Structures are given as C-alpha cells and as structure tokens.
Amino acid sequence: MFKGKQPFCIEINLLPAEFRQSKADFSWIVDRRIVWPSVVLFVFLVGAFLVQTYVWETTELLQQQVSFTREEVEKQKPLLEKIKALDAKLAVIAQKTNALKSIQVSKKRWVILFENISSMMPPNMWLVSLNQISQSEIELRGVTYDFSEVAEYMVKLEKQVCISSVSLIDVSTTKIDNEDAYNFVIKAGIKENLGLEGGAE
C-alpha cells in the first residue's frame, strides 16, 4: 500500500503533564553569537593577565636594580669623597704650578730685557727710570751729555732680540753741574715670546 515510501509516524506523549520529562536544550552552546564573544573575552583576559604579570615582574626587577645601585653608591661614597678632595688638591697644585711658571717666565723676561738695555748703553748716557706701560711696551727715561748718543742707542736697541720697535717720545735740554745735557723718553716694544723657551736665543 505504501510502496517506496517510509511509513509516517507521529509520536504522541499521552502521559499526564506532571509525569512528562522535558529534554534539556544545549543548542545555545554552539551558537556563534555566544561562542565568538566568549573566545574574544577569554583571549582578552589571558592577554591582560600576561601583560600585568610582565609589568609586575619588570617593576620588581627594576626596583631590585635601583636598590642594588643605591647600596653600591653608599659603599663607594667614602671613595668618591676622597676623589673630590684629591681633585681639589690637584686644582690648587696646578694653580700654584702655573703661577710658578709665570714667575719664572717673567723673571727670565726681565733678565733678558735688562741685559739688552744696559749692554747697549753709550758711555755718556744713563737711565733715570724704566716703566712697563703695558704688557708689550716699556718706557725708558734717561739723560745724556751727547744728543747723538740718543739716536745711536735707539738703533742698537732695535737690533736686540727682546725689542720689537723703538720710538723717541720726548727730548728736552737740562743743566747738570753747569754742563748741557739732554733728557729723553724712549718707548720700546717688547717681543711677545720673550722669556719663553727659545725666546732668548
């Protein structure tokens, strides 16, 4: 009667409602609307936990390093104080050394200068004063009985190793023991390297 076809069956539960057993529906678990948000939330929570753990471990490590560094600084503090004290002493010594070198150069400079000035002086001439008017200039005041000796002295001075230039500033007549004489003022330039090594060769 039903060839080639499955019989169509309908199940009817005739038990009263209080005796019927309802089947649990778990189909919502595999629903994509539930699964994917749950996966995303889980991944986010795991990532946040890992980041928090990394930050905590890194902070702890840095705090340990800071504490260790502070301890080392405290240990080395006496040594640092000694180094500072030695640096201060070295600075004072260097200052004194430079001052001594300056004195030696200045002394050598004036020795050379006086030797050059005095060795070239004519027989009828003498100096009254010698003043340093700047770092590189001196002023010579003198007296002579022979006016020509002033020109002669200037020529000889200009040839000296310590002198860079010579100029006559003033000449005036005077009387010394009822004899005619001449007062003169000469300005001479001093060479910058005078007194330094090799400056007096």
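This report describes a four-stranded antiparallel sheet and the helix lying across it in a predicted model.

## Basis of the model

Residues are numbered from 1 along each chain as its sequence is written, and side-chain values use heavy atoms, with hydrogens and water left out. The model is predicted: local features need pLDDT of at least 70 and side-chain atom pairs count only at pLDDT 80 or more, while totals for chains, interfaces and linings use all residues.

## Sheet architecture

The open sheet has 4 strands in the order 1-2-4-3, paired antiparallel. Strands (E, at least two residues) and helices (H or I, at least four) are DSSP runs numbered from the N terminus, and two strands pair if DSSP finds at least two bridges between them. Strand 1 (125-134) and strand 3 (163-176) each have a single partner strand, so one side of each edge strand is left without a neighbour in the sheet. From one strand to the next, the twist averages 15°; axes are lines fitted to C-alpha atoms, for helices over the stretch in contact, and angles run from 0 to 180 degrees between N-to-C directions.

## Strand pairing

Strand 2 (residues 137-144) is joined to strand 1 by 8 antiparallel bridges, with W126 partnered by V143 of strand 2. Strand 2 also pairs antiparallel with strand 4 over 8 bridges, where T144 has Y182 as its bridge partner.

Strand 3 and strand 4 run antiparallel and are joined by 12 bridges; V166 stands opposite A188 in strand 4. Their hairpin has 2 residues between the strands, and D177 there takes a positive phi near 55°.

## Helix packing

Helix 2 (residues 148-158) lies across strand 1, strand 2, strand 3 and strand 4 (179-190), where contact means heavy atoms within 4.5 Å. Helix 2 runs at about 160° to strand 3.
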